[in-house]
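Please open the structure in your viewer and keep the selection tool at hand. The tour below moves from a single residue to its helix and then to a pocket.

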Amino acid sequence: MSGGTAHELRNSRWFLEERAEEQLELAELVYAMRTGAGMTQRELAEKAGSSQPFISAVERGARIPTYNTVLKFARATGNRLHISAQPL
């Protein structure tokens, strides 16, 4: 089996599935903060120093924003960012 053992491949598949789920959660978070603040994507982009196409890509799950970018989105929408960890 090229590219790794079966165990490594299962783990990488699990990692990709987990990452996709987390990416979707981030997309939903950004969308909820923006719509909760009654803002358009363009308004959020202007207030957070970003671009409307980037916000659209984040909300679709096509791009993963950095922590600092999510923090800017939270502040721009009048939210406080709180990160927690949960057991798998």
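Begin by selecting Gln-41, which in this predicted model has its place in helix α2. Gln-41 counts as buried because its relative accessibility is 17%, and the cut-off for that class is under 20%. If you then display its surroundings, leaving aside residues up to four places away in sequence, you will find that Gln-41 touches Arg-34, Gln-52, Ile-55, Ser-56 and Glu-59.

Next, extend the selection to the whole of α2, residues 41-48, where Gln-41 is joined by Leu-44, Ala-45 and Ala-48 as the buried residues of the helix. These buried residues lie on the same side of α2, because they cover an arc of only 100 degrees around the axis. An α-helix has 3.6 residues a turn, so residues three or four places apart point the same way. Turn to the face of α2 directed away from the buried side, and you will see the exposed residues Arg-42, Glu-46 and Lys-47. Just after α2, select Gly-49, whose phi is positive, at about 70 degrees.

Now move to the largest pocket, which holds about 690 Å³ of space. Its lining comprises 22 residues, and those nearest the centre of the pocket are Glu-22, Glu-25, Leu-26, Ile-83 and Ser-84. The elements that contribute two or more residues to this lining are α1 (6-36) and α4 (67-76), with α1 providing the largest share, nine residues. Colouring the lining by residue class should show 12 nonpolar, five polar and five charged residues.

Definitions and conventions. Residues numbered from 1 in each chain as written. Predicted model: local features only at pLDDT ≥ 70, side-chain atom pairs only at ≥ 80, totals over all residues. Heavy atoms only, no water. Buried < 20%, exposed > 50% of the residue type's maximum accessible area, 1.4 Å probe, protein only. Helix = DSSP H or I, 4+ residues; strand = E, 2+ residues; numbered from the N terminus. Arc of directions from axis to C-beta. 1 Å grid on protein atoms, 1.4 Å probe; cavity = no way out; pocket = protein on both sides within 12 Å on 5 of 7 lines; lining within 4 Å. Points joined across faces, edges and corners; volume = space filled by probe spheres on them. Nonpolar A, V, L, I, M, F, W, Y, C, P; charged D, E, K, R; others polar. Contact = heavy atoms within 4.5 Å.
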